[in-house]
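Welcome, and please open the model in your viewer. Let's take a short walk through it, one selection at a time.

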Amino acid sequence: MAIQTVLGEIPAEKLGVTLAHEHILIDLRPIVAEPTERKEVFYQKLTMANRYLVYNDPYTLLDNALIDSEEIAIKEMKLFKAAGGVSVVDVTLDEIARDPLALQRISSASGVNLVMGCGHYTNASLPEAVHRASVNELAKGMIDDLTVGVRDTGVKAGVIGEIGTSAKITDTERKVLAAAGIAAAETGKAVQVHTALYEENGIEVIETLKRYGVSPQKIAIDHVDVKLREDYLYKLLDMGAYVEFDNFGKEFYISARSGAILNERFAYDLERAQLIAKLVKRGYLKQILITNDICLKSMLCEYGGNGYGHILKTVKDMLLDQGLSERDFKTLVENNVAEFLE
Ligand SMILES: [Zn+2]
């Protein structure tokens, strides 16, 4: 079956090395709270000179939550391509600045295939219209994006998500999740679900989507690798869904005492690779997705970050060193994403 990119359909075999969950342009500033102290620092623009400030806590600078330069995005995509990358799934939604025409321009200029998402993000980002909409209206919005195109752009989404769920899933988020279930069941498209970093809401998410007729093989539970919980992962895997290790490159440390949105240590890449190797040994290779979820300026090569090529440049070696074969790696970054999307 064909894969819908922002420039039209391509055969699944043409996807090549694909990042399953990224953001090419994004504005996460609406969900970043102003700190009570050090406000003058918070409003500084990110530069190479003050990059050290976001090394451990990415939201020390508000500007780090914004990626808005198409010119830089094109450079970053070209670097990804030079590292061997072919396609990227961009799951940015309207609430965090989805821009279908910009994605088309970036894809054309860089030669990287881009698959766009649809749906709605976490409660804190939602406009009143989404709170008021019915499940059927929300489902229709997603189905239109997938089959007709976003608004009047004619650019079609190729995946649903990342659908937002908070630590305590809100009523509106439940409505959006149900709508995503309806849209996925009707179109056969896959669903990416953002789950709160330190919670175990993936089980409820899978159960909900299944009630609407979505096959678990079309569901990815995102962000399971901030805090590594092996038993939780087995539950998700045994329900038949994909578990997405999408924080490669994020090795933050933020104290719980800070009261910040992120408030624990992030697992390190090597720990993620070690756990993946364990899951692969137990036979779960075909249910794992690996990607970087780039949503911070500091993660871009332009600002001294690993960029989108990180999985190919470094994570691959970590996984091979843990005992995965070249073929296993190819399954993770090519076959699994293609099977999930098609
Ligand atoms: Zn994301």
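Start by selecting helix 2, residues 70-82. Its 13 residues, at 1.5 Å a residue, should span 18 Å, and because its end C-alpha atoms are 18 Å apart, the two values agree. (The expected span is 1.5 Å times one less than the number of residues; helices are DSSP runs of H or I with at least four residues, strands are runs of E with at least two, and both are numbered from the N terminus.)

Before going on, two notes on what you are looking at. This is a predicted model, in which local features need pLDDT of at least 70 and side-chain atom pairs count only at pLDDT 80 or more, while totals for chains, interfaces and linings use all residues. Residues are numbered from 1 along each chain as its sequence is written.

Now show the side chains of Ala 73, Glu 76, Met 77 and Phe 80, the buried residues of helix 2. They cover an arc of only 100 degrees around the axis, which means they sit on the same side of helix 2. (The arc is that of the directions from the helix axis to the C-beta atoms. Buried means 20 or more other C-beta atoms within 10 Å of a residue's own, exposed means 12 or fewer, and partly exposed lies in between, with C-beta atoms placed from the backbone.) An α-helix has 3.6 residues a turn, so residues three or four places apart point the same way.

What do these buried residues pack against? Add helix 3 (100-110) to find their partner; contact here means C-beta atoms, placed from the backbone, within 7 Å. Then turn to the face away from the buried side, where Glu 71 and Ala 82 are exposed. Just after helix 2, click on Gly 84, whose phi is positive, near 115 degrees.

Next, select strand 11, residues 242-245. Tyr 242 and Glu 244 are buried on one side, and Val 243 and Phe 245 are buried on the other, so both faces are covered.

Add strand 10 (residues 219-221), which runs parallel to strand 11 and is joined to it by two bridges; strands pair if DSSP finds at least two bridges between them. Ile 221 has Val 243 as its bridge partner. To get from strand 10 to strand 11, follow the chain through helix 8 (residues 230-238), a right-handed β-α-β crossover. (Right-handed: with the strands pointing away from the viewer, the path from the first strand over the helix to the second runs clockwise.)

Finally, select strand 12 (residues 288-290), which pairs with strand 11 in the parallel sense over three bridges. Here Val 243 has Ile 288 as its bridge partner.

How values were computed:
Two residues are in contact if their C-beta atoms, placed from the backbone, lie within 7 Å.
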